[in-house]
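I opened this model to look up its strand pairing, its ring contacts, its ligand site and a few backbone oddities. My entries follow in the order in which I made them.

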Amino acid sequence: MSVKDKVLSFLLDAETVSGGRMAKELGVSRNSIWKAVANLKREGYLIESAQSSGYRLIKIDSLSEQMIRARLKSKTLGRKIEIHHSLPSTNTYAKQLALRDGEDGTVIIAESQTAGRGRRGRSFFSPTSGIYMSILLRPEFSAETAGLVTSCAAVATAKAIERLCDCEIGIKWVNDLLANGKKLCGILCEGASDLESGCMEYMIIGIGINVGATEFPPELCDIATTLENICGKKISRNELIAEILNSLEEEIASIESGAFIEESRRRSVVIGKDVTVISGGNSYPASAIDIDDKGHLLIEKDGKIIPLFSGEVSIRV
Ligand code: BTN
């Protein structure tokens with residue numbers, strides 16, 4: 001990390017920080033700190049300086065690769081980051097990249113999407129002020145393990161959100177994150193496998209989070225919420241993106257141990273509830289019993305316990 005990036009980290013972490021303290025902790029001269037701050041200002045950061053207290057970063061939250069990097073601890077995820085003003089869909093873009101020579105760990109982020117995609121062919125409401133990102137993976141694990149990625153990503157994202165925001169995140173099997181019973185985030189994983197090796201050629205993890213939207217279309221008003229609404233404060237999207245990438249890399253590294261499944265059970269908002277299952281073109285009532293060690297939702301239907309591999313459930317009120 002350059003002195004400039006380290007200074008940015010200090011400014012992100014503290015309300016105000018003196019040049020002397022940064023110089024001492026980084027083992028550089030005050031003049032280097034001054035130069036780093038000047039460079040940051042030239043790049044567009046708004047930094048106030050007061051002789052008595054030191055420097056203060058005015059946190060305006062436009063998406064910034066540098067702000068993301070200042071918090072990023074992951075090794076592979078985020079090696080390359082592309083930030084776009086607007087894209088039809090970051091997942092579609094990442095897929096096109098995967099079919100060319102897109103690298104493992106590349107992250108595509110957009111300020112807004114004009115054709116954001118959800119599961120089951122639905123659209124995903126994607127105005128500015130949200131997080132829309134897709135992560136391209138070239139994993140070594142089997143297609144079977146790939147089936148666990150949505151669940152693993154849901155756990156990683158829930159943990160990251162809780163680390164930064166004071167709230168409790170539940171998971172509605174398999175891809176929805178909820179707070180106070182309303183949807184906050186959706187996850188769409190897509191990929192292609194190599195039939196010969198049985199391994200994945202690529203995977204795309206698409207994550208969409210409602211962060212600061214002030215209005216939803218009528219059909220979403222009662223079922224969706226935003227992070228800022230839940231937490232009652234401004235959320236830095238850059239910090240949250242970095243935290244999600246850190247968390248995701250950690251969870252994916254141990255995906256084969258299945259350790260995340262216990263966490264997904266703990267956070268489940270459907271276990272023990274009467275649900276409506278939508279699967280393979282059918283819709284029927286059932287009870288959600290548990291999540292098994294392979295990440296399948298166990299439902300009880302007509303006295304029989306059935307594992308659900310895919311599909312969707314909604315809680316019956
Ligand atoms: C769902 O709720 O059904 C899943 C929504 C996934 C939305 C994200 S936003 C980033 C990525 N790009 C897309 O077009 N979709 C995913």
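The notes below begin with conventions and then go from topic to topic.

**Conventions.** I am working with a predicted model, in which I took local features only at pLDDT of at least 70 and side-chain atom pairs only at pLDDT 80 or more, while totals for chains, interfaces and linings use all residues. I number residues from 1 along each chain as its sequence is written, and side-chain values rest on heavy atoms, with hydrogens and water left out.

**Strand 10 and its partners.** I took helices (H or I, at least four residues) and strands (E, at least two) as DSSP runs numbered from the N terminus, and I called two strands paired if DSSP finds at least two bridges between them. With strand 11 (residues 282-291), strand 10 (residues 274-279) pairs in the antiparallel sense over 6 bridges. The two strands form a hairpin with 2 residues between them, and G280 in the turn has a positive phi of about 50 degrees. Strand 10 is also joined to strand 14 (residues 312-315), again antiparallel, by 4 bridges. I then looked up what stands opposite V275: I found A286 in strand 11 and I315 in strand 14.

V277 is placed in strand 10 as well. For burial I used relative accessible area with a 1.4 Å probe and protein chains only, where buried means under 20%, exposed over 50%, and partly exposed in between. V277 has a relative accessible area of 0%, so I entered V277 as buried. Its C-alpha lies 4.5 Å from that of V313, although the two residues are 36 apart in sequence.

**Strand 1.** I noted L46 in strand 1 (residues 46-50), where its relative accessible area of 44% makes it partly exposed. The C-alpha atoms of L46 and I58 are 5.3 Å apart, with these positions 12 residues apart along the chain numbering.

**Rings.** How many aromatic pairs does the structure hold? I found 2, counting rings of Phe, Tyr and Trp (its six-membered ring) whose centres lie within 6.5 Å, with planes under 30 degrees apart taken as stacked, over 60 as edge-to-face and the rest as tilted. F124 and Y132 form an edge-to-face pair, at 6.5 Å centre to centre and 75 degrees between the planes. F124 is buried at 16% relative accessibility, and Y132 is buried at 2%. The other entry is F125 with F216, whose ring centres are 5.7 Å apart and whose planes stand at 55 degrees, so I listed the pair as tilted. This pair links distant parts of the chain, 91 residues apart: F125 lies in the loop between strand 4 (107-113) and strand 5 (131-137), and F216 in the loop between strand 9 (199-209) and helix 8 (227-231). F125 is partly exposed at 29%, whereas F216 is buried at 16%.

I also looked for a charge over a ring, which requires NZ of Lys or CZ of Arg within 6 Å of the ring centre and within 35 degrees of the ring normal. The charged end of K301 sits over the ring of Y284, 4.7 Å from its centre.

**Ligand site.** Which residues are closest to the ligand? Of the 20 residues that surround it, the closest are S89, Q113, R117, R119 and K183, a residue being counted if one of its heavy atoms lies within 4 Å. I checked N and O atom pairs within 3.5 Å as polar contacts. A polar side-chain atom of K183 lies 2.5 Å from an oxygen atom of the ligand, and one of S89 lies 2.7 Å from a ligand oxygen. From N91, a polar backbone atom is 3.4 Å from a ligand nitrogen. On its own the ligand has 420 Å² of accessible area, of which the protein covers 98%, by the Shrake-Rupley method with a 1.4 Å probe.

**Backbone oddities.** Most residues other than glycine have a negative phi, and most peptide bonds are trans. I therefore wrote down the cis peptide bond that joins W173 and V174, with omega about 5 degrees. V174 is in the loop between strand 6 (170-172) and strand 7 (176-179). N180, not a glycine, has a positive phi of about 50 degrees; N180 lies in the loop between strand 7 and strand 8 (182-194) and is exposed at 68%. D302, not a glycine either, has a positive phi of about 50 degrees. D302 is in the loop between strand 12 (297-301) and strand 13 (304-308) and is exposed, with a relative accessible area of 71%.

Technical notes
A polar contact is a pair of N or O atoms within 3.5 Å; within protein, one must be able to donate a hydrogen and the other to accept it, and residues adjacent in sequence count only if both atoms are side-chain atoms.
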